[in-house]
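Colleague: I'm new to this one, could you walk me through it?

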Amino acid sequence: QVQLVESGGGLVQAGGSLRLSCAASGRTFSNYYMGWFRQAPGKEREFVANINWSGGITYGADSVKGRFTISRDNAKNTVYLQMSSLKPEDTAVYYCAAKATRTGKYDFWGQGTQVTVSS
């Protein structure tokens, strides 16, 4: 089992920045591909970004490219999501997730952290 705990959410004005953190425990963090997802009220959960085991390969959804950056620190068992130029449509609960393989499904999920962007 991998336990994931997100933090860093909050209320921010449009154009502002936030950094989300996701601390992992339970198994070797560097063995897991990590991702961030979000779910806005009344909408399906959507992919935001992911990062490979070493942190050398990242991928982001078109809606966040150029604004959000995913990174990880394997020594701290933590993955980050740096969010800049935030928009009201970025308002959602943000979840981190872990999977053991690049093409597999995400097996472990955090409880989520709320991000609210005011206009």
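Modeller: Sure. It's a predicted model, where local features need pLDDT of at least 70, side-chain atom pairs count only at pLDDT 80 or more, and totals for chains, interfaces and linings use all residues. Residues are numbered from 1 along each chain as its sequence is written, and side-chain values use heavy atoms, with hydrogens and water left out.

Colleague: How many bridges join β7 to β8?

Modeller: Strands here are DSSP runs (E, at least two residues), numbered from the N terminus, and two strands pair if DSSP finds at least two bridges between them. β7 and β8 (residues 78–83) run antiparallel, and one bridge has R72 partnered with V79 in β8. The number of bridges joining the two strands is six.

Colleague: In what order do the strands of the open sheet come?

Modeller: There are four strands, with antiparallel pairing. β1 (3–7) and β7 (68–73) are the edge strands, each pairing on one side only. The order is β1-β3-β8-β7.

Colleague: Why is the pair of F37 and Y106 called edge-to-face, stacked or tilted?

Modeller: Rings of Phe, Tyr and Trp (its six-membered ring) pair if their centres lie within 6.5 Å; planes under 30 degrees apart are stacked, over 60 edge-to-face, the rest tilted. For F37 and Y106 the centres are 5.0 Å apart and the planes at 80 degrees, so this pair is edge-to-face.

Colleague: Is F37 buried or exposed?

Modeller: Buried means under 20% relative accessible area, exposed over 50%, partly exposed in between (1.4 Å probe, protein chains only). F37 has 10% relative accessibility, so F37 counts as buried.
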